[in-house]
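This report describes the fold, the helices and a selection of individual residues of one protein chain. The sequence and the structure are shown first, and the discussion follows.

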Amino acid sequence: MNPHHQAILRQIQSTIPGRGQVKQRPEHLGTARRWYGLKNEQTRRILQDFSTAHKDLSYSDWRALVDSLYQGESYEERCAPRTLFHKYPRYRRQLPLPQLDAWLGCLNGWAEVDSTCQTVFTDKDLLADWSGWSALLESLAGDANVNKRRAALVLLTAPISQSEDPRILDLSLALIERLKGEKDGRITKAISWLLRKGVKQHRDAIAAYLEASAPSLPAIAVRETRRKLATGKK
């Protein structure tokens with residue numbers, strides 16, 4: 001185990017709440033991994049404190065730490081890299097996409113996947129290497145691992161709401177078309193999420209797509225996106 005990882009794990013273990021404070025069980029999060037019962041904000045604070053104390057962390061040490069955390073035995077460890085992606089943006093941007101692909105393979109369940117994929121990578125990240133990112137997302141959407149297929153959709157939820165670039169919209173709709181026949185809730189809910197996030201920058205295109213494709217889309221996606229278009233609310 002990476003020495004920085006060891007120090008972070010000790011902090012996680014020392015913050016374990018009492019039984020009466022536990023609000024969720026691992027099954028709710030979609031993973032049977034060891035779970036210390038920390039709230040997301042508690043784990044985030046531990047990683048924020050680490051990044052404040054290690055502002056000069058090298059890229060190689062950062063990457064080794066993230067890699068070690070993705071091999072961790074607990075839910076909290078597997079979700080911890082999220083904060084390290086945010087706190088070291090220059091390292092996030094130089095990360096080889098095949099490495100990200102490999103790390104996504106270490107995640108199980110919607111909560112672990114979303115910890116790495118939701119609001120971590122931006123429209124600027126994707127557009128700076130569009131050929132690489134589009135190839136990665138298409139590959140993830142075709143992966144046998146349903147968690148990677150969810151990742152393909154969730155990775156686009158922030159960029160589609162941040163940019164008017166038609167490439168992001170077109171890829172999002174293409175991946176939805178590819179995955180819309182699946183029944184797994186990890187996919188149907190992600191499709192709904194991606195369509196709703198697209199309303200901010202692509203309202204007319206999303207409305208037109210929904211009108212044309214409603215019969216073949218997951219019912220939850222149709223219902224929630226129509227509500228978003230009509231009310232502006234989630």
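In which helix does Arg44 lie? Arg44 is part of helix H3. The model discussed here is predicted.

**Helix H3 and Arg44**

Helix H3 covers residues 40–53, a run of 14 residues. At 1.5 Å a residue it should span 20 Å, and its end C-alpha atoms are indeed 20 Å apart, so the expected and computed values agree. The buried residues of this helix are Thr43, Ile46, Leu47, Gln48, Phe50 and Ser51. Their packing partners are helix H1 (3–14), helix H4 (59–70), helix H5 (75–79) and helix H6 (81–87).

Arg44 has a relative accessible area of 31% and is therefore classed as partly exposed, a class that lies between the 20% and 50% limits. Its C-alpha atom is separated by 9.5 Å from that of Glu76, although the two residues are 32 residues apart along the chain.

**The protein as a whole**

The protein contains 16 helices and zero strands. For its 234 residues, a compact globule would have a radius of gyration near 17 Å; the value for the protein is 18 Å, which agrees. The C-alpha trace spans about 55 × 40 × 35 Å along its principal axes. Of the 234 residues, 53% are buried.

Contacts between residues at least 6 apart in sequence can be divided by separation: 72% of them join residues at least 24 apart. The accessible surface comes to about 11100 Å², and carbon and sulfur atoms account for 48% of this area. As to charge, there are 37 positive and 26 negative side chains, with the centres of the two sets 6 Å apart.

**Residues around helices H4, H5 and H6**

Three residues illustrate this part of the chain. Val66 is found in helix H4, Gln71 lies in the loop between H4 and H5, and Ala80 is located in the loop between H5 and H6.

Is Val66 buried or exposed? Val66 is buried, because its relative accessible area is 0%. Not counting residues up to four places away in sequence, Val66 touches Pro81, Leu84, Phe85 and Trp103. Val66 is also 8.3 Å from His5, C-alpha to C-alpha, with their positions 61 residues apart in sequence.

Ala80 is likewise assigned to the buried class, with a relative accessible area of 1%. With neighbours within four places in sequence left aside, Ala80 is in contact with Leu47 and Leu69. Leu47 is itself one of the buried residues of H3.

Gln71, at 47% relative accessibility, counts as partly exposed. Under the same exclusion of neighbours within four places, Gln71 is in contact with Arg78 and Cys106.

The table lists C-alpha separations for residue pairs discussed in this report.

| Residue pair | Separation along the chain | C-alpha distance |
|---|---|---|
| Arg44 and Glu76 | 32 residues | 9.5 Å |
| Val66 and His5 | 61 residues | 8.3 Å |
| Gln71 and Trp103 | 32 residues | 8.9 Å |
| Ala80 and Tyr70 | 10 residues | 8.4 Å |

**Helix H9 and Thr119**

Why is H9 described as largely enclosed by the rest of the structure? Seven of its eight residues are buried, so the description follows from that count. The buried residues are Ala111, Glu112, Val113, Asp114, Ser115, Thr116 and Cys117. Acidic residues are thus present in this set, namely Glu112 and Asp114.

H9 is followed by Thr119, which lies in the loop between helix H9 (110–117) and helix H10 (123–128). Thr119 has a positive phi of about 55° although it is not a glycine. With a relative accessible area of 39%, Thr119 is partly exposed.

**Helix H16**

Helix H16 consists of 13 residues, 219–231, and reaches 18 Å from its first C-alpha to its last, close to the 18 Å expected at 1.5 Å a residue. Within H16, the buried residues are Ile220, Ala221, Val222, Glu224, Thr225 and Leu229. These buried residues pack against helix H15 (185–213). Just after H16, Gly232 takes a positive phi of about 80°.

Conventions
Residues are numbered from 1 along each chain as its sequence is written. This is a predicted model: local features need pLDDT of at least 70, side-chain atom pairs count only at pLDDT 80 or more; totals for chains, interfaces and linings use all residues. Side-chain values use heavy atoms; hydrogens and water are left out. Helices (H or I, at least four residues) and strands (E, at least two) are DSSP runs, numbered from the N terminus. The expected span of a helix is 1.5 Å times one less than its number of residues. Buried means under 20% relative accessible area, exposed over 50%, partly exposed in between (1.4 Å probe, protein chains only). Contact means heavy atoms within 4.5 Å. The radius of gyration is taken over C-alpha atoms; the globule rule is 2.2 Å times the number of residues to the power 0.38. Accessible areas come from the Shrake-Rupley method with a 1.4 Å probe; for residues, only the protein chains shown count as cover. The place of a charge is taken as NZ of Lys, CZ of Arg, CG of Asp or CD of Glu.
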